[in-house]
Amino acid sequence: MTSLNRRQIMGLAAGAGLASAFPGFTAYAQEKEIVIGGSIPLTGVFAFAGVAIEAGMSDYVKLTNEAGGIAGRKLRLAYEDTAYKVDTSVAVFNKLTTQNDIHLYYGDSTGFAKTINEELNRRGTILMAGASFGSELNNPEKYPFQFMAGPDYVEMFAILLEYIAKAQPGAKLVFVNSDTEFGRDPIEASVKRAKEMGLDVVAQIVTPPTAVDVSTEVLKLRRANPDFTIFHGYVLAPLPEFMSQAKQLGLKTKFMGTFWSMDNSLWANVGAPADGFMGVMPYRYYYDTSPDAPILEKIRKLRPTYQATGYMQGFLTAMLMGEAAKRTLAAGKELNGKTLKAALNSIKDFDTGGIIGVPISVPGNSVPVGRIYQFNAADKQMKPASDWISLKK
Amino acid sequence: MDWLFFTEVTLAGLGSGALLSLTALSFVLIYKATRVINLAVGEILMLGGYLFFAFVTAFGLATWLAIPLAIAGGALFGFVVERTLIRPMLGESSISVLMLTVGLGSVLIGATELIWNTDPRALPDFMGQTPVFIGEAYVSRKIAIGFVVSALVIALFLLLFRFWRGGVALRATATDQAAAYSCGINVPAVFSLAWMVACATAAGAGLLVGAIGGISPTMGVFGLSALVVVIIGGLDSVLGALIGGILIGLVEAWAGTFLGGEYKLVTTFSILIAALMIRPYGLFGTVEIERL
């Protein structure tokens, strides 16, 4: 057993006193780095996204550090698993922000973003983004230190509606959503918007969060017989079964989804019933070899196998955080929530290296850009079905 | 009233109710023999779906072979769990064993995420896509198959408990273990058999549930819906599992259609509360069931 003599104890006490009296003394080792904290769901219901998000953020950090970091500072990602539970996310936030000097943070859910918002506002030292595209968060007044690296859910619907209004004016629509905060988010606003655009929402179908069989919902869909059916609040299930049964019934409706149900590998496993599924995607897919997408080439070199859509979301989020930090430091300002958010909002016509196919701006809390993709079962790939659609031009 | 539509909704409710009944059967079989509430049933159901997926995709087996192998895998898992985890717990409090099954469920989810990763997946189609019509009424093919399989399995179990020696031994053990011992019944073997059959049933249900809704490490939540069924039907009643499942399936289908999807769970849990208040031991359960 180790024992300390009085001299050693006095030495330790003096060291502790020095550290508390001069915080810069202990922070010296850390001052040359910028830490991005993260409450990331590596297990639980959203793990499929969390694992990909972590990979995307880590790769951005790696590439940035290999290129010399940001204003000479190295980036570091400090994160822990939350299992997609708000209380765990908050505990991770408290732990990581205590252990590290964090000014950038990634949160895992709308629930966490709403819960932690008051604390972010109180501290004023952190700019946060995350996996949520909740429309409520797209409010710079209420959520001044948050943003999302893509369109919010209402904006995603708006992009889909814009596409539909052009493709088939006056089309009949049905919205199908899960009975969750995520699922309900864009429905009310989008019903109104569809009406304004001359589209007819003939039915709204809600499925319980644990739904497996959707036979009764498909029967309701048959009664409504829409031209387009838009799903929201799902990752994969129960969409394939919904589409299979609709095809069995001879329905001609076109099925669409929003970002989190647009992953290519998930639909590739579904096979033939997935053919023709469309949806809004804010980012290019991993396999896109467009000449104006050099960053995708780098990503493919780093990771030779397909990376899920969450990867692109994580990568772009970290990129926007990095850009905000870069602009803040270049202006000679300290990193805090206010300066970082101002720097983020100064981003105009920014080249993402091809992750998004058009230059982007971040006027508020979102990046209202997306493109319609359609799944081709023969090629097992999502393919562009529209040009990039930017809202609020 | 559109009677054709009502009939179709009712048939859909019967089908999804049958799936609940089959899963509930797994709870009942173990409870009936060993007085253990196995809260890992949902995760064993998930294991069945993933085993089938692995046999077909990783090993390239035909579905007709992968199905019995996945069910046998469930049985083997039940045997191992009973011998290594449950039997040493004999004589311990019910809560300890209950918590053990909760832990077992968590371990299964973690292992699944490690082996097959966290992505949701669709199972290879083994039921076909041709729609089924009863008269003019449409029924989803998978739901129709699920209903027939569930009905056959439950009918088989009802007959086995009534006429087969093993079934009678199981009933005797459930009634009085000491008396069963004195009659020469190998009680530990009955425990093993119950776990094997129950886990095989759950794995089989996993194939059906996975074929409809796909598989993912979180699909075990379906087991909780089945738990509601056994509480309503009676923890130790095979007939209760059947009727409870059909009842919940029908009510959810009608509520979802005529009230809206957001009322499905509200209706289900309202029935659960009412059932607990009126018949706390379930519609067909034995009165002396100890509640936890």
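# A walk through a predicted two-chain model

Hi everyone. Let me begin at one small spot: right after helix α9 of chain A, Asn225(A) adopts a positive phi of about 45°. Before we go on, please keep in mind that this is a predicted model.

Let's stay with the helix that leads up to that asparagine. Is α9(A) enclosed or open? Seven of its 10 residues are buried, so α9(A) is largely enclosed by the rest of the structure. The buried ones are Ser215(A), Thr216(A), Glu217(A), Val218(A), Leu219(A), Lys220(A) and Leu221(A). Notice that Glu217(A) and Lys220(A) are in that list.

What does α9(A) lie across? Its neighbours are the strands β5 (172-178), β6 and β7 of chain A, and α9(A) runs at about 175° to β6(A).

Those strands take us to a sheet in chain A. Seven strands make up this open sheet, in the order β6-β5-β7-β8-β9-β10-β11, and the pairing is mixed. At the edges sit β6 and β11 (381-390) of chain A, each of which pairs on one side only. On average, neighbouring strands here are turned by 25° against each other, direction ignored. For one pairing inside the sheet, take β7 (residues 228-232) and β8 (residues 254-257) of chain A, which are parallel and joined over three bridges. If you want a residue to click on, Ile230(A) has Met256(A) in β8(A) as its bridge partner.

Now to the other sheet I'd like to show you. This open sheet of chain A has four strands in the order β2-β1-β3-β4, with parallel pairing. Here the edge strands are β2 (74-81) and β4 of chain A, each pairing on one side only. Neighbouring strands are turned by 20° against each other on average, again ignoring direction.

As a reminder, strands of a sheet pair through backbone hydrogen bonds, either parallel or antiparallel.

Let's go through this sheet pair by pair. β1(A) and β2(A) are parallel over eight bridges, and in β2(A) the bridge partner of Ile36(A) is Leu77(A). On to β3: strand β1 (residues 33-40) of chain A pairs with β3(A) in the parallel sense over four bridges. Ile36(A) turns up here as well, standing opposite Leu104(A) in β3(A). Then β3(A) pairs with β4 (residues 127-130) of chain A, parallel and over four bridges, with Tyr105(A) opposite Met128(A) in β4(A). To get from β3(A) to β4(A), the chain passes through helix α5 (residues 110-123) of chain A, and this β-α-β crossover is right-handed.

Why do I call β3(A) enclosed? Six of the six residues of this strand, residues 102-107, are buried, so the rest of the structure largely encloses β3(A).

Two helices lie across this sheet. Helix α3(A) lies across β1, β2 and β3 of chain A and runs at about 165° to β2(A). Helix α13 (residues 309-330) of chain A lies across β1, β2, β3 and β4 of chain A, at about 165° to β4(A).

Helix α3(A) also brings us to the second chain. How many residues of each chain are in contact? On chain A there are 32, and they touch 33 residues of chain B. On the chain A side, α3 (47-66), β6 (200-207), α9 (215-224), α10 (239-248) and α11 (264-270) each supply at least two residues. So our opening helix, α9(A), is among the contributors. By kind, the chain A side divides into 17 nonpolar, 10 polar and five charged residues.

Finally, chain B itself. It has 11 helices and two strands, and from the N terminus the elements run α-α-α-α-β-β-α-α-α-α-α-α-α. Its radius of gyration is 19 Å, close to the 19 Å that the globule rule gives for 292 residues, so chain B is as compact as a globular protein of that length. The C-alpha atoms of chain B fill a box of roughly 60 × 50 × 35 Å along the principal axes. Buried residues account for 52% of the 292 residues in chain B. Of the contacts in chain B with a separation of 6 or more, 77% are between residues 24 or more positions apart.

One last residue: is Leu156(B) buried or exposed? This leucine sits in helix α5 (residues 141-163) of chain B. Leu156(B) has 11 C-beta neighbours inside 10 Å, and 12 or fewer counts as exposed. From Leu156(B) to Val81(B) is 75 residues in sequence and 25 Å in space, C-alpha to C-alpha.

That's my tour, thank you!

Definitions and conventions. Residues are numbered from 1 along each chain as its sequence is written. Chains are lettered from A and ligands numbered from 1 in the order in which they are written. This is a predicted model: local features need pLDDT of at least 70, side-chain atom pairs count only at pLDDT 80 or more; totals for chains, interfaces and linings use all residues. Two residues are in contact if their C-beta atoms, placed from the backbone, lie within 7 Å. Ala, Val, Leu, Ile, Met, Phe, Trp, Tyr, Cys and Pro count as nonpolar, Asp, Glu, Lys and Arg as charged, and the others, Gly among them, as polar. A residue is buried if 20 or more other C-beta atoms lie within 10 Å of its own, exposed if 12 or fewer, and partly exposed in between; C-beta atoms are placed from the backbone. Two strands pair if DSSP finds at least two bridges between them. A crossover is right-handed if, with the strands pointing away from the viewer, the path from the first strand over the helix to the second runs clockwise. The radius of gyration is taken over C-alpha atoms; the globule rule is 2.2 Å times the number of residues to the power 0.38. Axes are lines fitted to C-alpha atoms, for helices over the stretch in contact, and angles run from 0 to 180 degrees between N-to-C directions.
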